[in-house]
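Morning, everyone. Please put the sequence and the structure up on your screens. I'll start with a sheet and then move to a pair of helices.

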Amino acid sequence: MAATRTDTLLFMFFRRMRMPLIVLISAYAIATLGFTLMPGVDDQGQPWRMSLFEAFYVVSYTGSTIGFGEVPYAFTPAQRMWTIVSIYLTVIAWLFSVGSIIALLQDPVYMNALRRSRLAGGVRATSRPFYLVCGYGDTGRVLTHTLSARGYPVVVIDRQREKINTLAVEDLGASIRAFDMDARTPDNLVAAGLRNRWCAGVIAVTGDDQVNLKIAISAKLLNHKVVVHARADSARVRDNMRSFNTDHVVNPVEEYRRRFELAINAPDLFRLHHWLTSGPGAHLPDRPSLPRGRWIVCGYSNVGKAIYRVLGDNGMETVLIDADPDAGDRPPDTIRGRGTQAETLEQAGIERAAGVVAATGDDADNLSILITARALKPDLFLAALESGYSGRVLFRAAGPDFVGQPSMVVAGTILASISSNLAVPFIEEMVQQDNDFARALLAKLLRHREPKAPEFSATRISARRSPAIAHALEQGREIRLGKLLVNPRRRDQRLPLEVLMLRRDDKNILCPDDATCLKIGDRLLVAGWQQAATRIRTTLENEHALEYVLTGQDYQSGWVWRWFEQRFGSSEFGHDKPR
């Protein structure tokens, strides 16, 4: 593929430069030939003519206007006349050639091909895991920034050059390479690194379901080892993706419906679910209190349809407002309108309503519905769909009680899956639990007093991933789960981490007790904050740190450490000695 792109660039260059090169070569050939034919006189006054080498030498410095003089002998009038002709002939040829090169470098087709070739070369040179993000909309931007902040190189593909250009002025933590090309074309995916052995995952989050489907299919067919994450707004595309073994499919409509239903029936479970799956910087929401009674749903979009059904399934009286009430799948009592006018909301009985859902596909209409409804009845519960991340400031100013952000939902869910392949199974089992389970887990996480959402990380008890633990277990020692959460620098402190799930023999144990005994092969899903999560690696891999955690005995090794210990004391540069 690399050779093909290089050959294409060379072909484009020589095709565009064919005529300038012919003109330049012809000018030099004519000037050189002319100098060999012009009669001259040597220093003895004898007739003399230049050789081809001498003639080409003279043309070379006259053509570039350097001017070394008349060599090897003074020119005759005929030679000087030909020198004048040669200067103008070669200079004009050079101007024509240089102008053609400048025009070629300004050709967007050639420069785009050159830029892609250079980017593809950079991707081939990558020697650490990277992610291929297809689509740089709201979701793609969040994913790119977060993955970059975590230290992963990212390759971005988007058809719109304007979006790609914004990456050049954004402050990102790791290497970012961006291609303005169509991700539906398999060759473009390959050029962006799909078949590279360091490609850790492909993320299809364009705004078009069919494009995401084709990306997912191409990725699985061209590199069956790569992990594919994809967005699917419709159930049909979701099922199609799963039939091609797409590893992780996110349907924002399903996620919004799930969260809305949790907010109705299990508010603490809703808070926990929202906190863990809403992406970077998510804060724990307040406990929702959705009132029962009459609800008005404005807009029969995919989200509006899902919310209408959820409200009906939970025994709520629901009235639908839609701009096209005559469409086949609308309820028969649908009111025509958008919900932005007070008359329409009054016709829907807003004076008797408990809540309003603004679920049209237009953020401006949704904001207008919120403002109009609040003006008619200030104590209404207001829920809204925020289609574009760019309108986040406006929705915050409007102050709805419940906001759905598809871009953040998709990004947060994919990031959780990237952090650990145990995250999605945990979330699926978590939402099946009752509200008491969520309240207890929230209490565990909140005792660490961290305002931001905890991040997922995972580990396996094995000789490769946790050699210190595995060696101790093979010796018959008993190691309890709670010991992993001890600070390996201060034994009396617990790390701000919680084990959310233990997978043993294909069985998932949610929130295992600290007294649970570890076994070889156990896989752990941990929630916490990145700096604390990295300290677990010390206990897992270092036998001296593990011994300190288990017994309090501080066995340090290495002559550097022993020198520090003798000179400065035992506790200044390491673990505190047990008292």
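**A sheet and a helix pair**

Strand 3, residues 130–134, pairs with strand 4, residues 154–158. The pairing is parallel and runs over four bridges. Look for Val133: across from it, in strand 4, stands Val156.

A quick reminder about sheets. Their strands pair through backbone hydrogen bonds, either parallel or antiparallel.

By the way, this is a predicted model.

Now the whole sheet. It is open, with six strands in the order 5-4-3-6-7-8, and the pairing is parallel. Which strands stand at the edges? Strand 5, at 176–180, and strand 8, at 248–250. Each has a single partner strand, so one side of each has no neighbour in the sheet. On average, neighbouring strands here are turned by 15 degrees against each other, direction ignored.

Helix 4, residues 108–124, packs on this sheet. Helix 4 touches strand 3, strand 4 and strand 5. Its direction makes about 145 degrees with that of strand 5.

Next, the helix pair. Find helix 10, residues 252–265, and helix 12, residues 302–313. They pack at an angle of about 30 degrees, and their axes are 9 Å apart. Angles under 35 degrees count as roughly parallel, so helix 10 is roughly parallel to helix 12. Their crossing is right-handed.

Who meets whom? From helix 10, the residues include Tyr256, Phe260 and Ile264. From helix 12, they include Val303, Ile307 and Leu311. By class, this contact has nine nonpolar residues, one polar and two charged. Among the residues of helix 10 there, find Arg257 and Glu261.

That's my tour. Over to you.

Key. Residues numbered from 1 in each chain as written. Predicted model: local features only at pLDDT ≥ 70, side-chain atom pairs only at ≥ 80, totals over all residues. Heavy atoms only, no water. Pairing = 2+ DSSP bridges. Helix = DSSP H or I, 4+ residues; strand = E, 2+ residues; numbered from the N terminus. Axes fitted to C-alpha atoms, helices over the stretch in contact; angles between N-to-C directions. Contact = heavy atoms within 4.5 Å. Parallel < 35°, antiparallel > 145°, perpendicular 65-115°, else oblique. Left-handed = near helix turned anticlockwise from the far one by under 90°. Nonpolar A, V, L, I, M, F, W, Y, C, P; charged D, E, K, R; others polar.
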